[in-house]
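Student: I should like to understand the reasoning behind the terms applied to this structure. May we proceed one term at a time?

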Amino acid sequence: MKPAGGPNQLLILIPAFNEVGAIAGVIHEVRAAMPEAPILVVDDASTDGTERSARSAGADVLRLPYHLGLGGGVQAGYKLAYELGYDYVIRVDGDGQHDPKYIPALLQTLRATGCHMVIGSRFQDGNGNYTNSVRAMGIWFFRLVLRPILGKPVRDPTSGFVGVNREALQVFTGSFPLEYPEIEALVVLQRKRFQFQEVPCRMRPRKTGRSTITAVKSLYYIFHVLLGVFINVLKFERRRRKDAPREER
Amino acid sequence: MERLLNVTTVLSVLLAAMVLFSVRRSHIRVEYSVSWLAAAVILLVLSRSSFALNWISRQLGLADPPIALMLLVFCVFVIVIYRLSVVISDLKDANIAMAQRIAIVEFQLHNRTEDIDQGYKSRI
């Protein structure tokens, strides 16, 4: 993979952990949707040949030395993309749930609106049925929690189908949640007063393997993410207080 | 009361000896042994000085000095464990950043090697 050759260059980032059954298909679909864009697979120390499969399918692979989890892997990809000078990064999960045909819509929104992050939302105009009831409740709960924090509604806060611009990339290279990063990432951006948009898209059932978030883990997920959001809000409040005397002057 | 104080005395001496032994064998770094040694010394002083223990229990409004001793032991160990959690968190952050850096450097090295190989092949 070469450094970005000019302005407005896009990189497709695919985090993957033990996705040997799906990764090649995802790469081919992405290639069909965005023939010019380089594809970077972040292999989170898979043990099933995901790296070999991704390379055979024509992607570049950033292989982590040990398993860091989703956030650590995505942040590693963001760091590399930032160092190579890319202006836009769109993340597509390696399990095949995200349909790459929506990548152009995400990129178009990023470029046209100037927002810092764009979220592929299954609940705006798409098909949001591929989720269990506990997770659906979690999504509903976090919509309520995030509404006052973000200052605008977000319909699909847990979607991992996201695109970011270079400014957001810079923020994420320094601070990115390591576990269950999607919701906290929104709050991290909000602390910088960055903007986000949602783009309707459809999601599919994963092609192989199983989700890491089971019904039981969903409860831990809710607690963990809620704590992360709360901590980030506290940081935001502290900064606001520090800024207050300056604003008064 | 006296038996409890003897037990805590032995425990504090054992703790101090164990920490010093581990430092000597390089199993614990000196900077992380300080918290444990301080905990052992506090435990030893309170176990052997009935004046100090009675004074503290009076200040805490506790009629029973052994309860004050247990409360203090609990507090000391909570502080030590909290400090270790901070250290572990710092180490984890540093470790993740280093793993990401290693992956990026390996990636760039791999790309550079491929470029050199392609250039070499095109010349011959």
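Tutor: Helices H3(B) and H4(B) are described as roughly perpendicular to each other, and we may begin there. Please note that this is a predicted model.

Student: What makes H3(B) and H4(B) roughly perpendicular?

Tutor: The axes of helix H3 (residues 50-60) and helix H4 (residues 65-123) of chain B cross at roughly 85° and come within 9 Å. Angles of 65 to 115 degrees count as roughly perpendicular, and the pair is therefore given that name. On the H3(B) side the contact is made by Leu53(B), Asn54(B), Ile56(B), Ser57(B) and Leu60(B), and on the H4(B) side by Pro65(B), Ala68(B), Leu69(B) and Leu72(B).

Student: Why are H1(B) and H2(B) called roughly antiparallel?

Tutor: For helix H1 (residues 2-24) and helix H2 (residues 30-48) of chain B, the axes cross at roughly 160° and come within 8 Å. An angle over 145 degrees counts as roughly antiparallel, so the two helices are described in that way. Their crossing is left-handed. Among the residues that make the contact are Leu15(B), Ala16(B) and Val19(B) of H1(B), together with Trp36(B), Leu37(B) and Ala40(B) of H2(B).

Student: How do you know that Ser26(B) is exposed?

Tutor: Ser26(B) is found in the loop between H1 and H2 of chain B. A residue counts as exposed if 12 or fewer other C-beta atoms lie within 10 Å of its own; Ser26(B) has 8 such neighbours, and therefore counts as exposed. Ser26(B) also has a positive phi, near 65°, although this residue is not glycine.

Student: What makes Asn18(A) buried?

Tutor: Asn18(A) has 20 C-beta neighbours inside 10 Å. The cut-off for a buried residue is 20 or more, so Asn18(A) counts as buried. Its place is in the loop between E1 and H1 of chain A, and its phi is positive, about 55°, although Asn18(A) is not a glycine.

Student: Why is a positive phi worth noting in such residues?

Tutor: It is noted because most residues other than glycine have a negative phi.

Student: Why are Tyr32(B) and Phe77(B) called partly exposed?

Tutor: A count between the limits of 12 and 20 makes a residue partly exposed. Tyr32(B), in helix H2 of chain B, has 15 other C-beta atoms within 10 Å, and is therefore partly exposed. Phe77(B), in helix H4 of chain B, has 14 within that distance, and so is partly exposed. As for separations, the C-alpha atoms of Tyr32(B) and Val78(B) are 15 Å apart, with these positions 46 residues apart in sequence numbering. The C-alpha atoms of Phe77(B) and Leu20(B) are separated by 18 Å, and these residues are 57 residues apart along the chain.

Student: What makes E3 and E7 of chain A edge strands?

Tutor: The 7 strands of chain A form an open sheet with mixed pairing, in the order E3-E2-E1-E4-E6-E5-E7. Strand E3 (60-63) and strand E7 (196-200) each have a single partner strand, so one side of each is left without a neighbour in the sheet. On average, neighbouring strands are turned by 20° against each other, direction ignored.

Student: How do you know that E1 and E2 of chain A are paired?

Tutor: Two strands pair if there are at least two bridges between them. Strand E1 (residues 10-16) and strand E2 (residues 39-43) of chain A are joined in the parallel sense over 5 bridges, and they therefore satisfy that requirement. Within this pair, Pro15(A) stands opposite Val42(A) in E2(A). Helix H1 (residues 23-33) of chain A lies across E1 and E2, running at about 160° to E2(A).

Student: Which residues have the most contacts inside the largest nonpolar core?

Tutor: They are Leu40(A), Val41(A), Val89(A) and Ile90(A), in a core of 67 residues. A second, separate core of 8 residues includes Val19(B), Trp36(B), Leu53(B) and Ala68(B).

Student: Which element gives the most residues to the side of chain A that touches chain B?

Tutor: Helix H3(A) gives the most, with 5 residues. In total, 13 residues of chain A are in contact with 8 residues of chain B.

Methods
Residues are numbered from 1 along each chain as its sequence is written. Chains are lettered from A and ligands numbered from 1 in the order in which they are written. This is a predicted model: local features need pLDDT of at least 70, side-chain atom pairs count only at pLDDT 80 or more; totals for chains, interfaces and linings use all residues. Helices (H or I, at least four residues) and strands (E, at least two) are DSSP runs, numbered from the N terminus. Axes are lines fitted to C-alpha atoms, for helices over the stretch in contact, and angles run from 0 to 180 degrees between N-to-C directions. Two residues are in contact if their C-beta atoms, placed from the backbone, lie within 7 Å. A nonpolar core is a set of buried Ala, Val, Leu, Ile, Met, Phe, Trp, Tyr and Cys residues joined through C-beta atoms within 7 Å. Angles under 35 degrees count as roughly parallel, over 145 as roughly antiparallel, 65 to 115 as roughly perpendicular and the rest as oblique. A crossing is left-handed if the near helix is turned anticlockwise from the far one by less than a right angle, and right-handed if clockwise.
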